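Morning, everyone. Please have the structure up on your screens. I'll keep this short.

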Amino acid sequence: MAARFSLRLRSHLLRTTASSTTLFMSPIKPPPSFSSNDLSLSSLRFLSTATRRHPTRPKTVDIGARARQLQTRRLWTYALTFSCVAGFVVIVLNNFQDQLVFYVTPTDALQKYAENPSKTKFRLGGLVLEGSVVHPASSAEMEFVITDLITDILVKYQGSLPDLFREGHSVVVEGFVKPFTEETKKEVSAKSVSGKARGGDCYFSATEVLAKHDEKYMPQEVASQIEKNRKKIAEADQKGLKAS
């Protein structure tokens, strides 16, 4: 029995030793190797997926807000255009008004000049006062007096008078109201007719003289004013007669 047990134990030990030796002597498999091409492809695939943008939904457009914005821009455009046009019209009208020359009587001319000394250009209408035409020896200008039967104004004009120019007849002169200076006063004739006009503060420097052969050819506004002045003078005379 003892011999049989020892034989079995020896055979078991031999088998165990052989199996362990075989396991120890078996070759170790190396880890799987990766080529450079595999690495580059995998890295490119990773980068491409990392940088890829996912599709986003389009933003919704507020049609009402867009329409209000366009309407506001349109209104501002209209406002700016209207402002520019209005400013241009105002400038043109101011320049045009400055260049306008109205028919006025001597009374109106002196009154307008007193109110606005910068407004000096007028087209003066009235009657040539009889006995007022003179050519002073100290001046190259002709002198005569225009009256609307209430106000007399001295007119100085350098040039030849029209053939129809007559004392006591209507006349239209265009020029400027100017204040008397010491030099101009020395040149004024000392003729006694209408000393008030020659001794006033202003005179009329005419650039053009237009004579008419009849009083009815006078500008309507001037003729109507002279007619009113005649009525005033007639009423004043009647009152003076009644008072006396």
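I'll walk through one strand, its partners, a loop residue and the aromatic pairs. One caution before that: this is a predicted model.

Start with strand β3, residues 142-147. How many of its residues are buried? Six of six, and the strand is mostly covered. Look at each face in turn. On one side sit M142, F144 and I146. On the other sit E143, V145 and T147. Both of these faces are covered.

Now the partners. β2 spans residues 121-128. β2 and β3 run antiparallel, and two bridges join them. For a landmark, find V128: it stands opposite I146 in β3. Next, turn to β4, residues 152-157. β3 and β4 are antiparallel as well, with six bridges between them. Here the landmark is M142, which stands opposite Y157 in β4. Together, β3 and β4 make a hairpin. Four residues lie between the two strands. One residue in that turn is worth a click: L149 has a positive phi of about 80°.

Step back to E141. Where does E141 sit? In the loop between β2 and β3. The E141 side chain makes a polar contact with the side chain of K156, at 3.4 Å. What else does E141 touch, leaving aside residues up to four places away in sequence? The list is H135, P136, K156, Y157 and Q158. Y157 we have met already, as the residue opposite M142.

Last topic: aromatics. The count is two aromatic pairs. One is F144 with F165, and the pair is edge-to-face. The centres are 4.9 Å apart, with 65° between the planes. Why does this pair tie together separate parts of the chain? Because F144 lies in strand β3, while F165 lies in the loop between β4 and β5, 21 residues apart in sequence. Buried or exposed? F144 has 0% relative accessibility, so it counts as buried. F165 has 10%, so it counts as buried too.

Then there is F180 with Y203, a tilted pair. Centre to centre, that is 5.0 Å, with 35° between the planes. This pair also links distant parts of the chain. F180 is in the loop between β5 and α5, and Y203 is in strand β6, 23 residues apart. Both F180 and Y203 are buried.

To recap: β3 is mostly covered, β3 is joined to β2 by two bridges, and β3 is joined to β4 by six. F144, in β3, pairs with F165. Thanks, that's it from me.

Technical notes
Residues are numbered from 1 along each chain as its sequence is written. This is a predicted model: local features need pLDDT of at least 70, side-chain atom pairs count only at pLDDT 80 or more; totals for chains, interfaces and linings use all residues. Side-chain values use heavy atoms; hydrogens and water are left out. A polar contact is a pair of N or O atoms within 3.5 Å; within protein, one must be able to donate a hydrogen and the other to accept it, and residues adjacent in sequence count only if both atoms are side-chain atoms. Contact means heavy atoms within 4.5 Å. Rings of Phe, Tyr and Trp (its six-membered ring) pair if their centres lie within 6.5 Å; planes under 30 degrees apart count as stacked, over 60 as edge-to-face and the rest as tilted. Buried means under 20% relative accessible area, exposed over 50%, partly exposed in between (1.4 Å probe, protein chains only). Two strands pair if DSSP finds at least two bridges between them.
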